[in-house]
Amino acid sequence: MSHDVTNKIAITGPGLKKQGVVVLQSLFIALFTLLELWIRSGVGVVTGIVICLALFGGIRFGRSGTRYVSVVTPPLAFAATILVHVILTDGLKISRAGIDFIAALASVAPYLMLSALYGWFMY
């Protein structure tokens, strides 16, 4: 008894629109950033690799014309996630929130720079 396996479901279509790239990159980055903040109480290698993967995924799965959005979204999504987390944990203490925000950006700066250089090169 053999089964015919040629009827696989294939994903067809040109790819994600700009809105889809933004939503998926933002959710992917926010999920792993908050997970790393919860486990390690800081961001680092895992979040950096996720930012790079989100950029590569946006470039790979986006339609033509979505490269700009794929390059710009990861740093903005990361910064927004960190800013919301810092405000929720530290409150509106400007000096403490500012230090935590800058420290989080500095800890993933090499990954942000690497992904930005690659993304702008692809753009």
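A residue is called buried when its relative accessible area is under 20%, exposed when over 50%, and partly exposed in between (1.4 Å probe, protein chains only). The structure on display is a predicted model, in which local features need pLDDT of at least 70, side-chain atom pairs count only at pLDDT 80 or more, and totals for chains, interfaces and linings use all residues. Residues are numbered from 1 along each chain as its sequence is written, and side-chain values use heavy atoms, with hydrogens and water left out.

**Stop one: helix H4**

Please select residues 94-107, which form helix H4. Helices here are DSSP runs (H or I, at least four residues), numbered from the N terminus. The expected span is 1.5 Å times one less than the number of residues; for the 14 residues of H4 this gives 20 Å, and the end C-alpha atoms are indeed 20 Å apart.

Which residues of H4 are buried? They are Ala97, Phe101 and Ala104. These residues cover an arc of only 65° around the axis (taken from the directions from the helix axis to the C-beta atoms), so they lie on the same side of H4. Next, select helix H3 (67-90), against which the buried residues of H4 pack; contact here means heavy atoms within 4.5 Å. On the face of H4 turned away from its buried side, the exposed residues are Ser95, Ile99, Ile102 and Ala106.

**Stop two: the salt bridges**

A salt bridge is a side-chain nitrogen of Lys or Arg within 4 Å of a carboxyl oxygen of Asp or Glu. How many does a search of the whole structure find? It finds two.

Remaining in H4, select Arg96 and Asp100, whose closest N and O atoms are 3.6 Å apart in a salt bridge. The two residues are four apart in the helix, and are therefore separated by about one helical turn. Arg96 is partly exposed at 44% relative accessibility, and Asp100 is partly exposed at 22%.

Then move to helix H1 and select Arg40 and Glu36, also four residues apart. Their side chains meet in a salt bridge at 2.6 Å, N to O. Arg40 is exposed at 53% relative accessibility, whereas Glu36 is buried at 5%.

**Stop three: Ala30**

Within helix H1 (residues 18-40), select Ala30. At 18% relative accessibility, Ala30 is buried. Add Phe78 to the selection: it is 48 residues from Ala30 along the chain, yet their C-alpha atoms are separated by 6.7 Å.

**Stop four: Phe121**

Finally, select Phe121 in helix H5. This residue is exposed, with a relative accessible area of 68%.
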